[in-house]
Amino acid sequence: HRALLFGLLASGTTRICGANLGEDCARSAAAAAALGARVERTADGWELAGTGGALHAPERNLVCGNSGTTLRLLAGIVAAHPFTTTLTGDASLSRRPMRRIAEPLPRMGAKLSGQGDDCTPPLTVHGGGLHGIDYAVPMASAQVATCALLAGLAASGETRVTLPGPARDHSERMLPAFGVVLEREDHANGGRTVSVRGGQSLHATDVRVPGDFSAAAFMFAAAAAEPGASVTARGVNLNPTRTGFLDVLRAMGAG
């Protein structure tokens with residue numbers, strides 16, 4: 001998701017190999033195309049000619065399917081642009097509250113409207129003219145933090161986002177590869193504060209997506225449960241925000 005949507009914002013051609021070609025990521029690719037990127041599927045991923053940040057107003061609603069990641073990250077991206085975008089989802093996503101992203105984006109200057117008190121999709125974003133804020137995320141959500149940081153890249157001033165506890169940090173690791181300068185301060189409780197200044201331009205890069213640890217975990221569990229069995233998963237993402245299951249297996253006696 002991040003490689004596709006950061007590539008949308010970048011100038012030049014981003015090549016993504018080892019990509020997840022499932023339906024959720026395909027929604028992010030389709031949204032990137034609807035906002036002006038030239039998107040092509042390759043043998044093992046995607047190739048995007050980005051917009052350099054000059055997005056096209058979408059001609060129709062952006063359909064996010066079942067992908068909450070697509071919807072939350074897109075909301076931060078389109079909030080910075082002076083047009084109106086409606087983000088929709090399937091029946092399941094349409095029941096999921098989006099109140100957590102409906103808090104920081106209006107504080108930055110965007111206008112959001114969803115359904116009911118929980119702000120469920122369809123979510124309409126009227127964007128443009130953002131300013132940076134200092135925002136403490138109530139819950140440790142990487143998607144909410146990324147949404148605010150992406151909006152902050154096109155806002156005036158500095159945007160600071162503080163997470164109250166551990167959360168995956170894929171965005172902070174990947175954005176610098178696209179040329180973004182950010183500052184990160186880790187806290188003793190496992191949380192962190194990430195800061196970006198507005199007005200930054202992204203440039204294209206090549207991304208090799210690692211294998212998904214969550215998918216490998218099923219194979220690890222099967223091997224751990226069978227005496228004498230072993231399994232090796234190659235090229236799997238070992239980001240420490242994702243590998244807690246290995247600690248559980250070790251505690252249960254697996255090698």
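**Exercise 1. Find which residues touch the most other members of the largest nonpolar core, and see what surrounds one of them.**

Solution. Start with the term: a nonpolar core is a set of buried Ala, Val, Leu, Ile, Met, Phe, Trp, Tyr and Cys residues joined through side-chain atoms within 4.5 Å. Buried is under 20% relative accessible area, exposed is over 50%, and partly exposed sits in between (1.4 Å probe, protein chains only). The largest core has 67 residues, and Leu105 and Leu202 touch the most other members. Helix α5 (residues 142-153) gives this core its largest share, 9 residues. Now zoom in on Leu105: setting aside neighbours within four places in sequence, its contacts (heavy atoms within 4.5 Å) are Ala75, Gly76, Ala79, Ala110, Leu112, Cys147 and Ala151. Another core, of 6 residues, lies apart from the largest one and includes Phe213, Ala217, Phe220 and Leu249.

A word on the ground rules: this is a predicted model, where local features need pLDDT of at least 70 and side-chain atom pairs count only at pLDDT 80 or more, while totals for chains, interfaces and linings use all residues. Residues are numbered from 1 along each chain as its sequence is written, and side-chain values use heavy atoms, with hydrogens and water left out.

**Exercise 2. Work out how the buried residues of α7 are arranged, and what they pack against.**

Solution. Helices (H or I, at least four residues) and strands (E, at least two) are DSSP runs, numbered from the N terminus. First check the length of α7 (residues 213-225): its 13 residues at 1.5 Å each should span 18 Å (1.5 Å times one less than the number of residues), and the end C-alpha atoms are indeed 18 Å apart. Next, list the buried residues: Phe213, Ala216, Ala217, Phe220 and Ala223. Looking down the axis, these fall within an arc of 125° (from the directions from the helix axis to the C-beta atoms), so they line one face of the helix. They pack against α8 (244-251). Phe218, Met219 and Ala225, on the other side of α7, are exposed.

**Exercise 3. Lay out the sheet that contains β5, then place Thr85 in it.**

Solution. Strands of a sheet pair through backbone hydrogen bonds, either parallel or antiparallel. Here two strands count as paired if DSSP finds at least two bridges between them. The open sheet has 4 strands in the order β4-β5-β7-β6, with mixed pairing. At the edges stand β4 (62-63) and β6 (111-115), each with a single partner strand, so one side of each has no neighbour in the sheet. Then take β5 (residues 84-88) and β7 (residues 120-126), which pair antiparallel over 4 bridges; Thr86 has Thr124 in β7 as its bridge partner. Thr85 lies in β5 and counts as buried at 1% relative accessibility. Beyond four places in sequence, Thr85 contacts Pro58, Leu62, Val78, Leu123, Thr124 and Val125.

**Exercise 4. Pick out the backbone feature of Cys119 and the peptide bond joining Pro121 and Pro122.**

Solution. Cys119 sits in the loop between β6 and β7. Its phi is positive, about 55°, although Cys119 is not a glycine. At 4% relative accessibility, Cys119 counts as buried. Moving along, the bond between Pro121 and Pro122 is cis, with omega about 5°, and Pro122 lies in strand β7.
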